[in-house]
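Please look over the sequence and the structure shown here, and read the report below alongside them.

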Amino acid sequence: MMAELQERLDEMEAAIHKPKFRESSGRANEVNYWVFDYDPAKELEVRERIEYMKKKNAKGTDGFELVIFDLYDMIMDYLESKDFVNSYIRYEERRGFDYIVRAASTSMKMNEDDSILIRQIVEQIPENAIVFLTGVGKCYPLLRSHKILNNLHQSVLKAPVVLFFPGTYNEQELILFNEIKDDNYYRAFKLVK
């Protein structure tokens, strides 16, 4: 199974280096959004490969800039900048975890087209970039994968986006950790079969 993941990671890396990948639309003029799904147990291997690709890309020889957003880190940075973390711990003790999820989601406008995360991503994208979105599994249940992709689509982000997804994507539905079904999502393509 490990060789299979390494082969798929090799295919993914080769695919993003093709100039056609960086064109502004998908196969039939849809948004240029891709999902790289993988066995959640292989999370650390995927993270290592992404870090390797980022270091390699920093040399400036790829013809594009690889921009990586760890969605979990972005959420935590925001909550810490607003000094919400300590108060959320107290609220969780009194009101439960579901309350915290709703409060954090509302604070970051997660269900709106101009959510805090979307604005941060769009504002930080240079010309000729490829965007990697990571940390999806760490964000659950604060952030749903289909929501971030839908909101990015509304923002008219022109750069190709690759969502690294710990679970299964069959170009119709996202199943986080191969157990939790997200809402249906049809706009992204599976990057490597």
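## Phenylalanine 177 and its loop

In this predicted model, phenylalanine 177 has a relative accessible area of 30%, and because partly exposed covers the range between the buried limit of under 20% and the exposed limit of over 50%, phenylalanine 177 counts as partly exposed. Phenylalanine 177 is found in the loop that runs between strand S5 (173–176) and strand S6 (180–184).

The backbone at this position also deserves attention, since phi of phenylalanine 177 is near 55°, a positive value in a residue other than glycine. Most residues other than glycine have a negative phi.

## Lysine 109, after helix H5

A positive phi, again near 55°, is found at lysine 109, which follows H5 and lies in the loop between H5 and helix H6 (116–123). Lysine 109 has a relative accessibility of 24% and therefore counts as partly exposed, the buried class being reserved for values under 20%.

When neighbours within four places in sequence are left aside, lysine 109 is in contact with Asp114, Ser115 and Arg119. Tyrosine 72, by comparison, is 37 residues apart from lysine 109 in sequence, and the two C-alpha atoms are 15 Å apart in space.

## Helix H5 and what covers it

Helix H5 comprises residues 97–107, and within it Ile100, Val101, Ala103, Ala104 and Ser105 are buried. The cover over these buried residues of H5 includes helix H3 (71–81) and H4. As a general point, an α-helix has 3.6 residues a turn, so residues three or four places apart point the same way.

## A positive patch with helix H4

Which residues form the positive surface patch? The patch is formed by Arg90, Arg94, Arg95 and Arg102, and helix H4 (residues 85–95) gives the most to it, with three residues.

Arginine 94, one of the patch residues, is found in helix H4. Its relative accessible area is 62%, and because exposed means over 50%, arginine 94 belongs to the exposed class. Helix H4 thus appears in two settings in this report, as the element that gives the most residues to the positive patch and as part of what covers the buried residues of H5.

## A cis peptide bond before proline 141

The peptide bond from tyrosine 140 to proline 141 is cis, with omega near 5°, whereas most peptide bonds are trans. Proline 141 lies in the loop between helix H7 (136–139) and helix H8 (145–154).

Conventions
Residues are numbered from 1 along each chain as its sequence is written. This is a predicted model: local features need pLDDT of at least 70, side-chain atom pairs count only at pLDDT 80 or more; totals for chains, interfaces and linings use all residues. Side-chain values use heavy atoms; hydrogens and water are left out. Patches are made of residues with over 30% relative accessible area and no salt bridge: like charges are joined within 9 Å, nonpolar side chains (Val, Leu, Ile, Met, Phe, Trp, Tyr) within 5 Å. Accessible areas come from the Shrake-Rupley method with a 1.4 Å probe; for residues, only the protein chains shown count as cover. A salt bridge is a side-chain nitrogen of Lys or Arg within 4 Å of a carboxyl oxygen of Asp or Glu. Lys and Arg count as positive and Asp and Glu as negative; His and the chain ends are not counted. The place of a charge is taken as NZ of Lys, CZ of Arg, CG of Asp or CD of Glu. Helices (H or I, at least four residues) and strands (E, at least two) are DSSP runs, numbered from the N terminus. Buried means under 20% relative accessible area, exposed over 50%, partly exposed in between (1.4 Å probe, protein chains only). Contact means heavy atoms within 4.5 Å.
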